[in-house]
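Dear colleague,

Please find below the structure I am handing over to you, together with its sequence. My notes on what was found in it follow.

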Amino acid sequence: MLKGIIFDMDGVLINSEPVHYRVWKQTLAARGIELDYEIYKPCIGSTNGFLMDILHDNYGISRDDEELVKTMKQIKEQVIKEEGFPMIEGVPQLLKRLKDGGYCLAIASSSPLSYIRQVVTTLGIDSYFDILVSGEQVKNPKPAPDVFLETAKQMGLDPEECLILEDSANGCRAAKAAGIVCIAYFNPDSGKQDLSSADMVIEGYEEIDTAFLEKVYCHGRHLPAVVCETERLRIREMSERDIPKMMEITSQGTPDTAEGVEKSLEEELEAFPSYRKYMYEMCDMGYWVLEEKESGTIVGRAGVEPKIWNHNSSVVELGYLIDEKHRRKGFAYEACRGILEEAKKRGAVYLYCRIRSANLASKKLARKLGFSKIDYRLEDDCEDMEVYRYTCSD
């Protein structure tokens, strides 16, 4: 269960990486050294100590050159005094949404603790954070996991209960080393960072809410995420334990509804990890469990899957099947209506379904939902299969 959100600061809350590079470049220029960005870049997301190692290896500067660090801090203070802290757009609103969602929030930054406190206090966002941790408080800097593990510890949480927002390659690697799900914020001003180790990459905070974070967290830990909820139903992804029930429901299909080749339980279980990775975690689609919220009872399955029709048309196809013990209670309409609304939120344009001519109940439901029959036939379909289309725009 997700309980805590850990933020990097530089490049995630404030757009400070260009400032850091400019300050260090000016500091070294006074020594007659031209700081090359490609030499500086590996330290992004790590500590000043890590940078001093880089400066030693490339320019012969002593790792313990306190005078250089002092000069850098003086220049940085002057820049901050003149320019302030450049907060990234949408940060206060994001922090409020997450705090209202009940999460414990923390900062785990490579910057000194005094600087972290100065930033959050100056920007007026200090009240959102329960814990502030500096990379200088732990033995090994990012990409080692130390600062994230220490932050989780101070939050009173296991790493498995946390999620991290980072913007650097070092930070993403540190998150993975800590065993923590990681979302990377693509900040073009942080340089060309390798964010491939993150579980998700985002480009802004406007649409990030608790539901989004919960889904990323579940996918990162291979847990079933909630897709949406209706008045009576929780529509969620399957887990291995759901497969026997899903197979039981599928076996109840009539000749008018049944499709595909029946597989054994062992075959279904063996194939599920690949299905979960491709359909849920990559496509964000698939067949989902319909779970009655009040009782936790599984009443059916429904979902959308990407399909290729007639070798050249890419479509998203809707399907459902209700457990025979729970039919004629309106669950099919409620579930499909909820899925259509969710599809609209995700930006879908059309959804399709295929219904046998004799399946009068499904045809009636399709029309009630707003589907219209179209003149189209799949090459491999039987003669009595009809195609319906739903337009998602209002």
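What percentage of the contacts in the protein with a separation of 6 or more comes from residues 24 or more positions apart? The share is 63%. Please bear in mind throughout that this is a predicted model.

To begin with the overall picture, the protein comprises 13 helices and 14 strands. Its C-alpha atoms occupy a box of roughly 85 × 45 × 40 Å along the principal axes. Of the 394 residues, 50% are buried.

The packing of helices α1 and α4

Helix α1 spans residues 17-29 and helix α4 spans residues 66-83. Their axes lie 9 Å apart and make an angle of about 130 degrees. An angle between 115 and 145 degrees is neither roughly perpendicular nor roughly antiparallel, and α1 and α4 are therefore oblique to each other. The crossing of these two helices is right-handed. On the α1 side, the contact is made by V19, H20, R22, V23, W24, Q26, T27 and L28; on the α4 side, by L68, T71, M72, I75, K76, V79 and E83. Sorted by class, the residues of this contact are eight nonpolar, four polar and three charged.

Two helices with one buried face

Helix α5, residues 91-100, has V91, L94, L95 and L98 buried. Viewed down the axis of α5, these buried residues fall within an arc of 95 degrees, so they line one face of the helix. The spacing agrees with a general rule: an α-helix has 3.6 residues a turn, so residues three or four places apart point the same way. The partners of the buried residues of α5 are the strands β1 (4-7), β2 (104-109) and β4 (162-166), together with helix α9 (210-220). Just after α5, G102 adopts a positive phi of about 90 degrees.

Helix α10, residues 243-251, can be described in a similar way. Its buried residues are I243, K245, M246 and I249; a lysine, K245, is thus listed with them. Seen down the axis of α10, the buried residues lie within an arc of 160 degrees, so they too line one face of their helix. They pack against helix α11 (265-282) and against the strands β9 (286-292), β10 (298-309) and β11 (313-322).

Backbone features in the loops

Three loop positions deserve a look when you inspect the backbone. The peptide bond that joins K142 and P143 is cis, with omega at about 20 degrees. P143 belongs to the loop between β3 (131-134) and α7 (146-155).

Which phi does H222 have, although it is not a glycine? H222 has a positive phi of about 60 degrees. This histidine sits in the loop between α9 and β7 (226-229). With a relative accessible area of 43%, H222 is partly exposed.

H311 likewise has a positive phi without being a glycine, with a value near 70 degrees. The loop between β10 and β11 holds H311; these two strands are also among the partners of the buried residues of α10. Is H311 buried or exposed? H311 is exposed, with a relative accessible area of 65%.

With kind regards

Conventions: Residues numbered from 1 in each chain as written. Predicted model: local features only at pLDDT ≥ 70, side-chain atom pairs only at ≥ 80, totals over all residues. Heavy atoms only, no water. Axes fitted to C-alpha atoms, helices over the stretch in contact; angles between N-to-C directions. Helix = DSSP H or I, 4+ residues; strand = E, 2+ residues; numbered from the N terminus. Parallel < 35°, antiparallel > 145°, perpendicular 65-115°, else oblique. Left-handed = near helix turned anticlockwise from the far one by under 90°. Contact = heavy atoms within 4.5 Å. Nonpolar A, V, L, I, M, F, W, Y, C, P; charged D, E, K, R; others polar. Buried < 20%, exposed > 50% of the residue type's maximum accessible area, 1.4 Å probe, protein only. Arc of directions from axis to C-beta.
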